[in-house]
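Dear colleague,

Please find below the structure I agreed to pass on to you. My notes on it follow directly after the sequence and model.

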Amino acid sequence: MNIYTDPMLNVANAATYLDIPQSTLAQWKRSAVIHSVDDTRRGWPTLPFVAVVEAYVLRQLRDLGFTRRHIEEAADGARRWFHDDYGLARPGIGHDDGVEIFIEAGGELFRAQDHQQAIRETVSGFHECIEWSGQDPKRLRLARFGNVYLDPRFGWGRPSVAPSNAPISAIIGLWYAGEPLDVIAHEYDMTVEDVDALVRAWSQANDRAAA
């Protein structure tokens, strides 16, 4: 799968996985704050993996209180600094507790809008959940669901539980079918507590995505 050009998720699924309203994600797509490809049929995937990573970064900034204007300015600033349309998905991206978004270059940190130098100690990165291979995002942890990852190398990027790589769609499917939590846990070598936390987080994310 080409992480830049192959569509992986539609807006509805990505919104659930990222625990964000569909309307917000759709707006980011319409305004080209995140990348997308043309859909071949209504409801089909339009977001490549890199767009999901971009949306994850923006979602974190949104949680920190960034306004829509700040998010759009920061995205534009990061892309201009890197001279790279995919600057939001690069390893040098970070933030300083909701004040600004920063990018790393040449061992220093600069504010995305105006390149003002920042104090490294105040910046927390996104490296806890995004894994890179060189400059390319490789895997994204969906921390709200526990040890769940989106990895475009496996199963067309459908989220799965590490280390078994069990697809969460199968786990949620059994739960919707009425299977007891202990049965699901045994089937996928998980604890009952982990299954319970996963299905609760999934149900809450579905509700928020539809809001």
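In this predicted model, the largest nonpolar core has 63 residues, and Leu25, Trp28, Leu140, Ile171 and Leu198 touch the most other members. Helix H3 gives the most to this core, namely 10 residues. One of the residues named above, Leu140, may serve as a starting point for your inspection. Apart from neighbours within four places in sequence, Leu140 is in contact with Leu18, Phe49, Val52, Tyr56, Cys129, Ile130, Val148, Tyr149 and Leu150.

Two further core residues, Ile171 and Leu198, also take part in a helix pairing, in which Ile168, Ile171, Ile172, Trp175 and Tyr176 of H5 meet Val195, Leu198, Val199, Trp202, Ser203 and Asn206 of H7. By class, this contact comprises 9 nonpolar residues, 2 polar residues and no charged ones. The axes of H5 (residues 168-176) and H7 come within 11 Å and cross at roughly 90 degrees. H5 is therefore roughly perpendicular to H7.

Helix H1 deserves a separate paragraph. H1 spans residues 11-18 and is mostly covered, with 6 of its 8 residues buried. The buried residues are Val11, Ala14, Ala15, Thr16, Tyr17 and Leu18. Their cover includes helix H2 (22-30), helix H3 (49-63), strand E6 (136-141), strand E7 (148-150) and helix H7 (192-210). At the N-terminal end of H1, Asn10 acts as a cap, a side-chain oxygen of Asn10 lying 3.3 Å from the backbone nitrogen of Ala12. After H1 comes Asp19, which has a positive phi, near 60 degrees.

Within H1, I looked more closely at Thr16. Thr16 counts as buried because its relative accessibility is 6%, and the cut-off for buried is under 20%. Not counting residues up to four places away in sequence, Thr16 touches Phe145, Trp202, Ala205, Asn206 and Ala209. Trp202 and Asn206 also appear among the H7 residues that meet H5.

Finally, is Gln135 buried, partly exposed or exposed? Gln135 sits in the loop between strand E5 (130-133) and E6. Its relative accessible area is 45%, so Gln135 is partly exposed. Leaving aside neighbours within four places in sequence, Gln135 is in contact with Ala89, Arg90 and Pro91. The C-alpha atom of Gln135 is separated by 9.0 Å from that of Gly92, a residue 43 places away along the chain.

Yours sincerely

Notes
Residues are numbered from 1 along each chain as its sequence is written. This is a predicted model: local features need pLDDT of at least 70, side-chain atom pairs count only at pLDDT 80 or more; totals for chains, interfaces and linings use all residues. Side-chain values use heavy atoms; hydrogens and water are left out. Buried means under 20% relative accessible area, exposed over 50%, partly exposed in between (1.4 Å probe, protein chains only). Helices (H or I, at least four residues) and strands (E, at least two) are DSSP runs, numbered from the N terminus. Contact means heavy atoms within 4.5 Å. A polar contact is a pair of N or O atoms within 3.5 Å; within protein, one must be able to donate a hydrogen and the other to accept it, and residues adjacent in sequence count only if both atoms are side-chain atoms. A nonpolar core is a set of buried Ala, Val, Leu, Ile, Met, Phe, Trp, Tyr and Cys residues joined through side-chain atoms within 4.5 Å. Axes are lines fitted to C-alpha atoms, for helices over the stretch in contact, and angles run from 0 to 180 degrees between N-to-C directions. Angles under 35 degrees count as roughly parallel, over 145 as roughly antiparallel, 65 to 115 as roughly perpendicular and the rest as oblique. Ala, Val, Leu, Ile, Met, Phe, Trp, Tyr, Cys and Pro count as nonpolar, Asp, Glu, Lys and Arg as charged, and the others, Gly among them, as polar.
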